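Here are my notes after a pass through this one. Have the viewer open as you read, and go point by point.

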Amino acid sequence: MSILLEAIGGTVVLAVFAVIFGLFLAGIDRIAVARLQARVGPRLRQPYTDVIKLFGKQNVVPKNAVSFLFNLMPVIALASAIILLLYLPFGSFAPILGAAGDMILVLYLFIVPSLCLVIGGFASGSPYATVGAQREMVSMIAYELPLAAVVVLIAWRLMVSGVSEPFSLLSMMQTSIWDVCGPLGIVGIIILLFLFAWITPGELSKVPFDSPEAETELAGGILAEYSGRNLGMFSIAQSVKTVAILAFGVALLLPWNLSPLFGLAGALAILVDLAFFVVKVLVVMLISVTLIRTMMARFRITQVVKLYWFIMGGLALVALILFLLDAFLMGVI
């Protein structure tokens, strides 16, 4: 019973942290983009204000919508985004459900919030949302290929190095991919870092991968008919998913903590590692989301597929060859 209560308490704390931190990241992102474009930009607390205002506004359901699905999808999207967090490490905190799932499960869970957007868009009955939902499905099919390649390549390299459970995030907390690779493998890891930097905005439907929403083309697209509480829940789910995808990338490719380096222990080690985790997540977001969406214009959906399948897929193949050569030269295969 105590274990169950601890799990419930940890889930609540983690969910609150992710919502607050996710909206904070959204505020930093908006300010940074404004500064890069020589604008003043909004206040840091603007995302919090926006969500509070949405929950205070009327929740409008279109007359020709499938009301049950239309109202249910934001709830499932938020719940699935929170569940994602339970399988991810945060600093030196092990995943709450780390022993019950691995990276493959996390990959499947990342699909659920996007599927909720797709189903909600179709259920709204809006032609704009329908086109947006179709684009979201194509985007999902496109970016899942390089994301799966990143995960499988890292797990394979850990496996041939003798890690017993290479797909476990708990194993990755103990054995970093950087520690098992030689020079060629490190070049492969750098390629995977580049891939993940371009996968992240696709997962989050940020520019240049925002064709499912495309305000100037589809008037908001997949979310065109959402308002009030439902739109607020989708906004929070997006913020939580932002924390989840960034935390996942940090766990895969930047898994270090500072406490072992300085010989820290106890509560001080936990706080230092958590602060370092926050810094890593912030840096990854500024590079993979803020910088990319500032430099690029929106891609057509055909360009999204070509980028992820051919260019990113080709780079993943190069990383695979480098990992194979590295493992061969190190004598582990």
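The points below go through helix 10, aromatic pairs, the open and closed spaces, and a few backbone oddities.

1. First, the caveat: this is a predicted model. Please read every value below with that in mind.

2. Start with helix 10, residues 228–253. Helix 10 has 26 residues and spans 38 Å from first C-alpha to last, close to the 38 Å expected at 1.5 Å a residue. Of those 26 residues, 22 are buried, so helix 10 is largely enclosed by the rest of the structure.

3. Next, the aromatics. The count is 13 aromatic pairs. In one of them, Phe 70 and Tyr 226 have ring centres 4.0 Å apart and planes at 5°, which is under the 30 degrees cut-off, so the pair is stacked. Phe 70 sits in helix 3 (residues 67–85), while Tyr 226 is in the loop between helix 9 (215–218) and helix 10, so this contact links parts of the chain 156 residues apart. Both Phe 70 and Tyr 226 are buried.

4. Phe 110 and Phe 248 are worth a look too. Their pair is tilted, at 5.5 Å centre to centre and 55° between the planes. Phe 110 belongs to helix 4 (residues 103–123) and Phe 248 to helix 10, so the pair ties together parts that are 138 residues apart in sequence. Both Phe 110 and Phe 248 are buried.

5. There is also an aromatic cluster, made up of Tyr 143, Phe 194, Trp 198, Phe 209, Phe 299 and Tyr 308. Keep Tyr 143, Phe 209 and Tyr 308 in mind, as they turn up again in the lining of the second largest cavity.

6. Which helix gives the most to the lining of the largest pocket? That would be helix 10, with eight residues. Helix 1 (2–36), helix 2 (46–56), helix 4 and helix 12 (266–295) each supply at least two residues as well. The pocket holds about 980 Å³ of space. Its lining has 39 residues, with Lys 206, Glu 213, Leu 223, Ser 235 and Gln 238 nearest the centre. By class, that lining divides into 20 nonpolar, eight polar and eleven charged residues.

7. On to the closed spaces: there are two cavities of 30 Å³ or more. The largest cavity has a volume of about 120 Å³. Among its 13 lining residues, Pro 89, Gly 91, Met 173, Ala 251 and Pro 255 are the closest to its centre. Helix 6 (169–174) gives the largest share of the lining, three residues, and helix 10 and helix 12 each give two or more. The lining is made of ten nonpolar, two polar and one charged residues.

8. The second largest cavity has a volume of about 30 Å³. Ser 139, Tyr 143, Gly 202, Phe 209, Val 304 and Tyr 308 line it. Helix 5 (127–160) and helix 13 (301–329) are the elements that give two or more of these residues. None of the lining is charged: the split is four nonpolar and two polar.

9. Finally, the backbone. Most residues other than glycine have a negative phi, and most peptide bonds are trans. The bond from Val 207 to Pro 208 is cis, with omega near 10°, and Pro 208 lies in the loop between helix 8 (183–203) and helix 9. Ser 205, in the loop between helix 8 and helix 9, has a positive phi of about 55° and is buried at 11% relative accessibility. Ala 38 has a phi near 60°; this residue lies in the loop between helix 1 and helix 2 and is exposed, with a relative accessible area of 74%.

Methods
Residues numbered from 1 in each chain as written. Predicted model: local features only at pLDDT ≥ 70, side-chain atom pairs only at ≥ 80, totals over all residues. Heavy atoms only, no water. Phe/Tyr/Trp six-rings, centres within 6.5 Å; stacked < 30°, edge-to-face > 60°. Helix = DSSP H or I, 4+ residues; strand = E, 2+ residues; numbered from the N terminus. Buried < 20%, exposed > 50% of the residue type's maximum accessible area, 1.4 Å probe, protein only. Expected span 1.5 Å × (residues − 1). 1 Å grid on protein atoms, 1.4 Å probe; cavity = no way out; pocket = protein on both sides within 12 Å on 5 of 7 lines; lining within 4 Å. Points joined across faces, edges and corners; volume = space filled by probe spheres on them. Nonpolar A, V, L, I, M, F, W, Y, C, P; charged D, E, K, R; others polar.
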